[in-house]
Amino acid sequence: MTQSLNTSVNDNPLNAVGSMTTETDPIIHHQRGGGPVQIQVEDDRTGISVETLHRAFLDHLFYLIGKSQDTATAADYYESLAYTVRDRLLKRWVKTQQVYTQGKDKVVCYLSAEFLMGRYMGNNLINLGLYESVRQAVEASGLDLDDLLECEPDPGLGNGGLGRLAACFLDSLATLEIPAIGYGIRYEFGIFQQMIRDGWQVEVPDQWLKFGNPWEIMRPEDQVVIKLGGHTESHRNDRGELQVSWIPGRTVVAVPYDTPVPGYRTNTVNSLRLWKAEASDEFNFDAFNAGNYDRAVADKLVSENISKVLYPNDNTPQGRELRLEQQYFFVSASLQDMIRNHLRVDSSLSNFHEHFAIQLNDTHPTVGVAELMRLLVDEHGIDWDQAWNITQKTFAYTNHTLMPEALERWPVSLFEKVLPRPLEIIYEINARFLKDLSHWYPDDQDLPKRLSIIQEDGDRSIRMAHLACIGSHAINGVAALHTELLKQSTLKDFYALWPDKFFNKTNGVTPRRWLLLSNPELSKLYTEKLGDENWLRDLDQLRKLEPLVEDAAFRDRWRAIKHHNKERLAQHISATMGIDVDPASMFDVQVKRIHEYKRQLLAVLHVITLYNRLKENPNQEIVPRTFIFSGKAAPGYFMAKLQIKLVNAVAALVNSDPDVRGRLKVVFLPNFSVSQGHKIYPAADLSEQISTAGKEASGTGNMKFAMSGSLTIGTLDGANIEIREEVGEDNFFLFGLTAQAVEETKRSGYNPRAYYEANPKLKQVLDQIASGLFATDEPHLFQPLVDSLLHRDEYMLLADYQGYIEMQDQVGTAYQDVEHWTRMSILNALRTAKFSSDRTIQEYCDQIWGVKPVSIEADTFGQALSVMAQRVPIPNL
């Protein structure tokens, strides 16, 4: 404790604190000479003045990191700063958990195989309101905060939209003061780090934990044991009731690591609890002494594989088994954790569903339905009917896909090997459900076959989406069209059975990360014009700025902000890839997971079409464009990886051709991540959302682009429909078949070759790809892509090609009218309130979870510090 300079920094939007409680400085009274002296004292762990932050920063460097300023690296400074910031979270975090553990309030438990959180430092600073104060504290040591922020690795806990959605939801839950905890896996290596070698994607381990993670706290006292394999045994208890015991073939220990998730301008700090797999017996001393050193640590290696990698390649039997073990591992650990917490404050589990609302983020955690039943019936002696009532009232299920092949199915034989007792539970759930169906619909003999959890045709398998629908009280899609298509096709029989179970919850993204953190200049403009930063919790307020679309000075400022963001991205591309791009060109961007239905290939066909035009007429005037692609392909997904190779091959030819220099540039940015998204989304002029209508559940990248003023070219798919409704039809570039037209075209006998033969420009492009123009050393390299389009074209690229090219021409014309384009950009950004994850979460709370906000009153340290300080003599000055 020392005297405080009381430095205040209030002119930066990243530093807004608002109503959040801060650690007020205690007033200490001492007698010196003849009169009282007031000295304001800040605790080094919680103080927020620049002086105190700077001192704490250097103290952590010395006492925790063990380095002096003479020897410290940038990574050392980052870690020291992380601990300094975490200190200021801990008091609110502990207080939040104290309130939740009293058991008075219902807690949302969000189960997800992915949490793509992004870097923690910047987000925590803005939510604490300390961004500018910390910047000054760091600068006092001659350092730059931006440099330290770049030292933080992106946590490798997710792949794409599913994990990023979960992260946005955690931010909104804390901001809305909703009691919540996220449960997942602490993947040691995450998805993978993508490198590009000779144009090909190469996967290397993502060692995001190589230097530790200062934001997490290990909780070994909360570890639980997970059963795997083995067999079951039945017996009668003293009351003559049948009881089943699971005798596992092996056990694994799940050890939790907790990370704080602070809300914006609130004292609430929720938790993300991630489970690490460890061996129940890590070291076999007898084997070691016998000289069998491999067997001495064999259990450790096998057990730890469970939390090594996100989505291990399931092209092998071993990979599929590991995936199933992963899913059961984190779900069982999380449910055991909830039950333990409940029993600390309530001796009965009969009201478990009144204290916990569990959301299944897609089908990955669906085995939780069977596992909660097992825990209630086998471990806690609750009769089946009561346990089933609790289970159904506890779970809710979010579906994220319309494609039947993406709905998880597990072979019964694999389940029997890995999870024998949960399989028996599933059999019993299914038998009772089918019996009910026969009573409800005796005349529909085929209905039980369609709705059964067990698919009997061919190799018997477990349909996890069916288990989720039967075991949950609510089922939701993630965009209006997606939900309607679930009702009409994918889950239509379940909708007919239980229409009241179905809800739509259109996805959203957090404006704190995707505006305030990634686009600070635009955020500052909003705050200036609105007078405060309350818009960050209520994006509807941005509508008040719509009259400014006619203000020339406002439009000038808007364009200047966009241009600066483009310069920032251009610098990143130059530093990363050695490619110079022109910020004055249109940035035409498609960044997302590489998949055939997302149709990155359609965008490549457009690039080649433009290239051909310029080769045929080098003097043709076109709007200069920089095409930016980024995204990862699953390691076993050959066609997606071949598309990445094609993008890079096209880029190599286009970027080196003097005929198109200054007019076309193609870039594939490797290793797309949240932190790259911070640079890309604010810089984009055009957002490519061109998936086949009816295939994309929602999308969230489309929302991030729109929030920063990018205009969308897209199909009527996923949330595109609602974005178009909100921003206005005139501010959206629409093309392509509708979902209904896609299905009708396929039913009538879609012939992609007919489109190829009828369209000379399309034929030219495909022939060039097939001829080896983009792979002279291996002419037939891209033949699989061409064959796929000509013989199947599952995702209707050829049917949509001409409409896409024509709409892209309209995009080019519109971009030439600078003032009109700016107006459209402004209206896109100001009309995105619907796509805040705060709105989505509030709807979940009101309609599915039945939870209420809980305010956290954070005590100050004043009284305790005063007592301490009075015992310390203050020398005469």
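Leaving aside its neighbours within four places in sequence, which residues is glutamate 696 in contact with? In this predicted model, the list reads Tyr597, Lys598, Ser691, Asp717 and Gly718. One of these, lysine 598, also makes a polar contact with glutamate 696, side chain to side chain, at 2.9 Å. If you want to find glutamate 696 on screen, look in the loop between β24 (686–689) and α26 (701–707).

Now for another loop residue. Valine 549 sits between α21 (520–530) and α22 (552–577). Once you skip the neighbours within four places in sequence, valine 549 is in contact with Arg555, Arg823, Ile826 and Leu827. For a sense of scale, take glutamate 79, which is 470 residues away from valine 549 along the chain: the two C-alpha atoms are separated by 44 Å.

Are these two loop residues buried or exposed? Here they are side by side:

| Residue | Relative accessible area | Status |
|---|---|---|
| Glutamate 696 | 12% | buried |
| Valine 549 | 8% | buried |

The cut-off for buried is under 20% relative accessible area, so both residues get that label.

Let's move on to the nonpolar cores. In soluble globular proteins, nonpolar side chains tend to be buried together. The largest nonpolar core here has 195 residues, and the members that touch the most others are Phe415, Ile429, Tyr526 and Trp849. Helix α10 (residues 317–345) is the top contributor to this core, giving 10 residues. A second core, separate from that one, holds 70 residues, among them Tyr597, Val654, Phe668 and Leu785. You've met Tyr597 already, as a contact of glutamate 696.

Back to tyrosine 526 for a moment. Not counting residues up to four places away in sequence, what does tyrosine 526 touch? Its partners are Leu515, Trp535, Leu542, Leu545, Trp558, Met707, Ala829 and Leu830.

Finally, some empty space. The second largest pocket has a volume of about 820 Å³. There are 39 residues lining it, and those nearest the centre are Leu402, Pro404, Ser489, Thr490 and Leu491. Which element gives the most to this lining? That's α18, with seven residues. Other elements that supply at least two residues each include α16 (447–451), β17 (454–455) and α28 (739–747). Sorted by class, the lining of the second largest pocket is a mix of 17 nonpolar, 14 charged and eight polar residues.

Note on methods:
Residues numbered from 1 in each chain as written. Predicted model: local features only at pLDDT ≥ 70, side-chain atom pairs only at ≥ 80, totals over all residues. Heavy atoms only, no water. 1 Å grid on protein atoms, 1.4 Å probe; cavity = no way out; pocket = protein on both sides within 12 Å on 5 of 7 lines; lining within 4 Å. Points joined across faces, edges and corners; volume = space filled by probe spheres on them. Helix = DSSP H or I, 4+ residues; strand = E, 2+ residues; numbered from the N terminus. Nonpolar A, V, L, I, M, F, W, Y, C, P; charged D, E, K, R; others polar. Buried < 20%, exposed > 50% of the residue type's maximum accessible area, 1.4 Å probe, protein only. Polar contact = N/O pair within 3.5 Å; in protein donor to acceptor, adjacent residues only side chain to side chain. Contact = heavy atoms within 4.5 Å. Core = buried A, V, L, I, M, F, W, Y, C linked by side-chain atoms within 4.5 Å.
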